[in-house]
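Please open the model in your viewer and keep the selection panel at hand. The tour below moves from one selection to the next and says what is there at each stop.

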Amino acid sequence: MEASAQLVIFAGLIIGLVYGAVGLLSGFCLMSSMRGFLAKGDSRLVRTYALAIAVAIFASQFLAGNAMVDLGKSIYLQQTFSTPVLFLGGVLFGYGMVLSNGCGSRALVLLGCGNLRSFVVVIVLAIAAQMTLKGLIAPARIALVQASQTTVSANSLPTLLATLGSGEAVSRALASAAIVIALILFAFAHPAFRRSPGQIAAGVIVGLLVASGWFVTGYLGADDFNPVPVTSLTFIAPIADALQYAMLSTGLTLNFGVATVAGVFAGSLVTALATGRFHLEGYSSPRHMLRSAGGAALMGIGGAMAFGCSIGQGLTGVSTLALGSFIAVAGILIGTAAGLRGVLRVQPLAVA
């Protein structure tokens with residue numbers, strides 16, 4: 001293995017370790033954020049998420065603007081994409097996230113502190129995602145994409161602004177500044193959030209981890225003879241790849257995503273053991289398990305359709321300012337909201 005590829009894998013492991021520790025200590029999770037915001041009136045976690053997006057956009061666009069990373073090589077900034085499939089995938093993922101009580105990254109974090117429900121979620125999510133990406137469901141997904149995809153001349157907010165006559169650098173700065181300022185104002189407008197240094201730190205760290213992923217794969221991993229895919233934090237395909245690697249490592253190679261998945265689990269496990277948070281817990285009933293597994297399947301299918309999850313699109317994709325990412329995130333938010341409120345609300349399980 002080339003030295004650059006080894007460096008990328010090692011860096012992915014470190015990024016995962018940090019994310020796992022921060023995720024456990026702060027409770028960082030889009031589903032928990034929206035549940036607190038919509039159902040409990042506590043918006044601190046959703047403001048943490050908003051701050052993470054702001055930091056991710058600012059740092060990632062800074063790297064791109066200084067030609068340190070070519071975000072155009074990522075899967076998010078494609079000229080051809082399917083709006084219906086991205087949106088529908090986001091809706092399925094969001095609703096599945098509510099059924100499973102957390103996203104894929106959250107499941108990895110909880111697995112590290114002994115939550116055996118998360119083990120089922122991770123395994124089912126991985127199988128469903130692999131089936132959708134490369135297996136039995138893949139032909140249907142590909143057919144849907146081919147039937148509904150369109151080619152656009154502007155695939156991101158900066159390029160859309162550039163069509164109005166402003167230059168690339170000015171368009172990037174304007175688009176980034178508008179979103180970053182709005183998100184920061186939203187985050188710090190809440191007094192309780194301003195008095196939560198742990199949540200502020202979590203938002204900043206997670207946002208910087210997204211930019212770090214871009215830097216590692218797009219700059220440190222840049223090698224014309226052995227190119228590394230330009231990517232950052234995302235968990236649907238990497239969890240699927242990690243399960244496949246665990247079963248069939250012979251002939252397969254480690255990559256940034258698999259290393260990140262391993263790092264998140266390890267970071268959470270070490271943190272849980274060090275802070276006394278590790279304890280085994282499982283399902284309360286067969287119905288609970290069925291709901292959780294069904295949600296994991298929806299997340300795997302939906303995440304594969306949407307090119308990412310609440311982290312992969314919600315943070316990493318949005319940090320590129322790709323139009324497709326905003327479409328997927330809209331679907332994720334709508335699917336999550338439907339699961340938390342309204343006629344499709346996921347009802348609490350009765351306690352035996």
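Begin by selecting Phe 188, which in this predicted model has a relative accessible area of 30% and is therefore partly exposed, since that class lies between the 20% limit for buried and the 50% limit for exposed.

Add Phe 193 to the selection, a residue whose relative accessible area is 0%, so that it counts as buried. What kind of aromatic pair do Phe 188 and Phe 193 form? A pair of aromatic rings is described by the distance of the centres and the angle of the planes. For Phe 188 and Phe 193 the centres are 5.4 Å apart and the planes stand at 70 degrees, and the pair is edge-to-face.

The count of aromatic pairs comes to six, and the next one to select is that of Tyr 19 and Phe 28, again edge-to-face, with 6.4 Å from centre to centre and 85 degrees between the planes. Tyr 19 and Phe 28 are both buried. Extend this selection to Tyr 49 and Phe 235, because ring pairs, which require centres within 6.5 Å, link these two residues with Tyr 19 and Phe 28 into a cluster.

Now turn to the surface and select Phe 10, Ile 14, Val 18 and Ile 205, which form a nonpolar patch with about 320 Å² of accessible area together. Which helix gives the most to the nonpolar patch? Colouring residues 3-26 shows helix 1, which contributes three residues and is the answer. Ile 205, by contrast, is found in helix 11, which covers residues 197-220. With a relative accessible area of 33%, Ile 205 is partly exposed, and it can belong to the patch because that value is over the 30% required of patch residues.

Finally, clear the selection and view the whole chain, in which a cartoon representation should let you follow 16 helices and two strands. Along the principal axes, the C-alpha atoms fill a box of roughly 65 × 55 × 45 Å. The radius of gyration is 19 Å, which agrees with the value near 20 Å that a compact globule of 352 residues would have. Of the 352 residues, 51% count as buried, while the chain exposes about 15,400 Å², with carbon and sulfur atoms supplying 69% of that area. If you display contacts between residues at least 6 apart in sequence, 81% of them join residues at least 24 apart.

Conventions
Residues are numbered from 1 along each chain as its sequence is written. This is a predicted model: local features need pLDDT of at least 70, side-chain atom pairs count only at pLDDT 80 or more; totals for chains, interfaces and linings use all residues. Side-chain values use heavy atoms; hydrogens and water are left out. Patches are made of residues with over 30% relative accessible area and no salt bridge: like charges are joined within 9 Å, nonpolar side chains (Val, Leu, Ile, Met, Phe, Trp, Tyr) within 5 Å. Accessible areas come from the Shrake-Rupley method with a 1.4 Å probe; for residues, only the protein chains shown count as cover. A salt bridge is a side-chain nitrogen of Lys or Arg within 4 Å of a carboxyl oxygen of Asp or Glu. Helices (H or I, at least four residues) and strands (E, at least two) are DSSP runs, numbered from the N terminus. Buried means under 20% relative accessible area, exposed over 50%, partly exposed in between (1.4 Å probe, protein chains only). The radius of gyration is taken over C-alpha atoms; the globule rule is 2.2 Å times the number of residues to the power 0.38. Contact means heavy atoms within 4.5 Å. Rings of Phe, Tyr and Trp (its six-membered ring) pair if their centres lie within 6.5 Å; planes under 30 degrees apart count as stacked, over 60 as edge-to-face and the rest as tilted.
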